[in-house]
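Open your viewer, pick a colour scheme you like, and keep the selection box handy. We will go from stop to stop together, with something to select at each one.

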Amino acid sequence: MTDQGDRWTAEQVLDLAPDDASRKAGGRLGGAGPWLQTGGSASGSVWGLCKGSGSKPYRTVVDLTGPAYKCSCPSRKFPCKHALGLLLLWSAEGVGEPGEAPEWAAQWLADRAVKAARPSGGRAAPADEEGARKRAERRAARVGAGVTELEQRLADLLRGGLAGQEQAGYAGWEETAARMVDAQAPGLASRVRELGTIPSCGPGWPARMLEEAALLHLLDRAWLGVAGLPEELAATVRSRVGLPASGEGEAVRDRWLVLAQYDTVSPDGRLTTRRIWLRGLAGGRPALVLDFGPPGRPPGLALPVGLVLEAEMRFRPGSAGLRADLGERFAAAVPCAEVPAGVSTGAALEAYGAALQQDPWLESWPVVLGPVVPIPGELGWQLADAEGTCALPVSLTGGGGRSRGGLWQLAALSGGGPVTVFGECGHRGFTPLTAWQPDSNEPVALS
């Protein structure tokens with residue numbers, strides 16, 4: 001974290017938890033209910049008074065530039081559940097307005113500032129720059145140590161073989177994920193947890209586990225050599241490891257068409273992620289806006305499919321240029337009067353391949369296909385070019401676990417004829433999200 005303008009998502013906050021129990025307890029404290037008072041400052045800190053079991057509330061303060069935590073509770077876990085709950089509240093913009101910190105919080109923050117400002121011999125740089133540099137170096141060293149440990153874990157996995165993973169259970173991978181949290185690499189922790197769940201995913205799991213282990217190994221090696229990578233790829237690696245983006249990305253003003261919107265829920269049910277796909281009508285650039293709902297709350301941002309809004313998108317460094325934050329809006333949203341232009345299935349695969357050069361860990365790429373015809377077959381559904389001999393298999397594993405009902409919706413819209421379809425094109429196939437009939441500009445969201 002750097003300051004209040006660079007918020008972490010609820011998922012990133014929960015990845016800081018030292019164990020699963022802390023994640024659950026922190027999630028329960030992520031709403032406004034238990035907090036008697038909260039506040040923050042523009043310089044990068046949040047504090048709060050949380051109701052506890054005793055007569056005195058717990059005093060919790062977080063220095064976001066570290067992050068560093070201080071709480072009066074007796075917990076020996078770091079961060080404690082109160083710090084996690086306060087960070088979740090902050091990530092959802094639920095803390096009070098920036099203002100003067102109470103004395104107990106201000107004193108701790110002042111002590112940290114004094115320590116950061118102490119010269120270490122010679123001519124010291126300004127406290128904020130020198131402190132930030134040292135914190136970045138310490139964190140990079142911790143991440144590097146975590147990556148080295150993870151590489152050993154993956155080597156042990158391959159040396160021992162995959163066959164025993166079904167009997168080995170998930171506990172060992174959860175322990176490894178906790179070690180990645182200790183190393184301040186929440187992105188690695190998330191990927192490790194996903195890797196540990198694969199043996200329970202049914203037939204074909206060894207191939208999927210080997211594939212994910214290879215991608216995780218690639219990310220480890222990329223981090224160890226991040227200093228020699230091109231800047232955009234280095235930014236992608238840092239983001240995948242779990243470090244917040246440094247600096248601001250490109251700001252693009254356009255008329256943005258909302259192509260799809262859907263929600264996914266984390267495995268523990270405590271985090272809702274809303275994915276909103278947009279495309280600039282003038283520039284053609286795709287954009288992915290994410291919004292998060294902490295425990296008990298839905299995401300706050302909602303953009304109905306088919307609307308066009310004139311706005312500025314602030315694209316984040318890395319992530320193949322997809323991730324963006326919705327900035328200033330310049331006009332009221334209006335329905336789109338035309339169907340977006342589609343491309344062939346071959347062009348969709350080429351676009352995904354080009355994106356993989358920028359982000360090798362990219363699961364999919366947004367594509368408008370058309371005209372295509374949905375065709376059922378022995379191995380599943382396909383989307384075939386209306387004029388040509390190529391087709392893409394339809395996948396139900398992306399798009400928030402789309403149901404087969406969406407396929408029947410698509411088939412009904414098509415009636416055996418060509419349609420225009422927007423979706424995510426990835427290594428498992430094409431996941432349809434929205435469709436348009438030939439004689440209508442009204443989009444249909446596929447369930």
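## First stop: a loop between two strands

Select Ala 320, which is found in the loop between strand 8 (307-315) and strand 9 (324-329). Keep in mind as you look around that this is a predicted model. Check the backbone torsions here: Ala 320 is not a glycine, yet its phi is positive, at about 55°. Is Ala 320 buried or exposed? Its relative accessibility is 8%, and because buried means under 20%, Ala 320 counts as buried.

## A second positive phi

Now move to Gln 184, in the loop between helix 7 (171-182) and helix 8 (186-197). Gln 184 is not a glycine either, and it has a positive phi of about 60°. With a relative accessibility of 11%, Gln 184 counts as buried.

While helix 7 is in view, select Thr 176, which belongs to that helix. Thr 176 is buried, its relative accessible area being 10%. Show its contacts next: leaving out neighbours within four places in sequence, Thr 176 is in contact with Leu 150, Arg 153 and Val 192.

## Zooming out

Take a moment to view the whole chain. Coloured by secondary structure, the chain shows 12 helices and 16 strands. Its radius of gyration is 24 Å, close to the 22 Å that the globule rule gives for 447 residues, so the chain is as compact as a globular protein of that length. If you draw a box along the principal axes, the C-alpha atoms fill roughly 70 × 60 × 50 Å.

A surface view adds some further numbers. The chain exposes about 21,400 Å², and carbon and sulfur atoms supply 52% of that area. Of the 447 residues, 48% count as buried. For a contact map, take the contacts between residues at least 6 apart in sequence: 61% of these join residues at least 24 apart.

## A buried tryptophan

Next, select Trp 277 in strand 6 (residues 272-280). At 1% relative accessibility, Trp 277 counts as buried. Which residues does Trp 277 touch, not counting those up to four places away in sequence? Show them as sticks: Leu 257, Val 258, Leu 259, Ala 260, Tyr 262, Ala 287, Leu 288, Leu 322, Pro 366, Phe 422, Glu 424 and Leu 433.

For a distance to try with your ruler, go from Trp 277 to Pro 244. They are 33 residues apart in sequence, and their C-alpha atoms are 22 Å apart in space.

## Into the cavity

Keep Leu 257 selected: besides touching Trp 277, Leu 257 is among the residues lining the largest cavity. How many cavities of 30 Å³ or more does a search of the whole structure find? The search finds 1, and about 30 Å³ of space lies in the largest cavity.

To see the full lining, select Leu 257, Gly 306, Cys 336, Glu 338, Pro 340, Trp 436, Asn 441 and Pro 443. Colour these residues by class and you get 5 nonpolar, 2 polar and 1 charged.

## A cis peptide bond and a valine beside it

Now go to strand 11 (residues 364-375), where Pro 371 lies. Look at the peptide bond joining Gly 370 and Pro 371: it is cis, with omega at about -5°.

From Gly 370, step across to Val 343. Aside from neighbours within four places in sequence, Val 343 is in contact with Ala 348, Val 367, Val 368, Leu 369 and Gly 370. Val 343 sits in the loop between strand 10 (334-335) and helix 11 (345-358). Its relative accessible area is 34%, and Val 343 is partly exposed. Another pair for the ruler is Val 343 and Val 421: 78 residues separate them in sequence, and 9.8 Å in space, C-alpha to C-alpha.

## Last stop: an exposed glycine

Finish with Gly 388, in the loop between strand 12 (382-385) and strand 13 (391-393). At 53% relative accessibility, Gly 388 counts as exposed. Draw one more distance, from Gly 388 to Ser 344: these residues are 44 apart along the chain, and their C-alpha atoms are separated by 8.9 Å.

Technical notes
Residues numbered from 1 in each chain as written. Predicted model: local features only at pLDDT ≥ 70, side-chain atom pairs only at ≥ 80, totals over all residues. Heavy atoms only, no water. 1 Å grid on protein atoms, 1.4 Å probe; cavity = no way out; pocket = protein on both sides within 12 Å on 5 of 7 lines; lining within 4 Å. Points joined across faces, edges and corners; volume = space filled by probe spheres on them. Nonpolar A, V, L, I, M, F, W, Y, C, P; charged D, E, K, R; others polar. Helix = DSSP H or I, 4+ residues; strand = E, 2+ residues; numbered from the N terminus. Rg over C-alpha atoms; globule rule 2.2 N^0.38 Å. Buried < 20%, exposed > 50% of the residue type's maximum accessible area, 1.4 Å probe, protein only. Contact = heavy atoms within 4.5 Å. Areas by Shrake-Rupley, 256 points an atom, 1.4 Å probe, with all protein chains shown as cover.
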